[in-house]
Amino acid sequence: METPYQNHINKADFDHVYEPAEDSFLLIDALEKDLEYLKKKNPTFCLEVGSGSGVVITAFGMAFPQTFCISTDVNLKACVMSKQTAAYNKVNLDACNMDLASSFTNNKFDVIIFNPPYVVTDSDECGGTDITASWAGGTKGREITDRLLNMIPKKLANDGVFYLLLIEENIPDEVVQIMSSHGYMSETVVKRKVRNEQQLVIKFFM
Ligand SMILES: C[S@@+](CC[C@H](N)C(=O)[O-])C[C@H]1O[C@@H](n2cnc3c(N)ncnc32)[C@H](O)[C@@H]1O
């Protein structure tokens, strides 16, 4: 998969929107590793929750030009940047300013992607709509992630796949248990140690 051009973004814009980092690129690596698997699924709808700069959903859209790409973010500036990143790379993206996937009532997505705010913080740091929403994950760094986990059965198509980036502090085994209780199998797609952080991408499917 190609890395999208981001030359349109000013460095100062990253004071307000998450700057693509190793975790963003690990998620793209996971999608690339699963490219043949995803091609066989021939996805109609792909949703990235928390798209930030838009680099991940744009990479997906470049590889799957026939797929409708949709993104959400609580940070309005991130929605604007995602839309611009997609446009700059000739990807058609609907970028929606919303909490997780809460306003999609009747839609089921074939692919859902999430690189959440995963840093362990106090609960009261978590839940903002500015740059703090990029990293502040509350208890176990999972407060935002766990809310999405409980939405997945309603938002993911039965033969769909959900890619989630986690770090060890998020206790991935617990996430696997939660998803198993919703009927999902899981598989670790990629794992990488970045400085002192063990990052991994797990996919969930029926
Ligand atoms: C770690 S950043 C990832 C950004 C981008 N996907 C990437 O990989 O570079 C997490 C993103 O999730 C967004 N976010 C946090 N809470 C959210 C929520 N409740 N609903 C939607 N987006 C949220 C943040 O604003 C931020 O853009």
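**View 1. Glu48 reaches the ligand with its side chain.** Here a polar side-chain atom of Glu48 sits 2.8 Å from a nitrogen atom of the ligand, a polar contact (a pair of N or O atoms within 3.5 Å). Keep in mind that this is a predicted model, where local features need pLDDT of at least 70, side-chain atom pairs count only at pLDDT 80 or more, and totals for chains, interfaces and linings use all residues. Residues are numbered from 1 along each chain as its sequence is written, and side-chain values use heavy atoms, with hydrogens and water left out.

**View 2. Gly50 and Val74 meet the ligand through their backbones.** For Gly50, a backbone N or O atom lies 2.8 Å from a ligand nitrogen atom. Over at Val74, a polar backbone atom is 3.3 Å from a nitrogen atom of the ligand. On its own the ligand has 590 Å² of accessible area (Shrake-Rupley method, 1.4 Å probe), and the protein covers 98% of that.

**View 3. Meet the shell around the ligand.** Count 20 residues around the ligand (each with a heavy atom within 4 Å of it). The closest are Ser24, Glu48, Asp73, Asp99 and Leu100. By type, the shell splits into nine nonpolar, seven polar and four charged residues, with Gly counted as polar.

**View 4. Glu22 and Arg195 pair up in a salt bridge.** Their side chains come to 3.4 Å, N to O; a salt bridge is a side-chain nitrogen of Lys or Arg within 4 Å of a carboxyl oxygen of Asp or Glu. Glu22 belongs to helix 1 (residues 22-33), while Arg195 is in the loop between strand 6 (185-194) and strand 7 (197-205), so the pair links parts of the chain 173 residues apart. In total, the structure holds nine salt bridges.

How values were computed:
A polar contact is a pair of N or O atoms within 3.5 Å; within protein, one must be able to donate a hydrogen and the other to accept it, and residues adjacent in sequence count only if both atoms are side-chain atoms. Helices (H or I, at least four residues) and strands (E, at least two) are DSSP runs, numbered from the N terminus.
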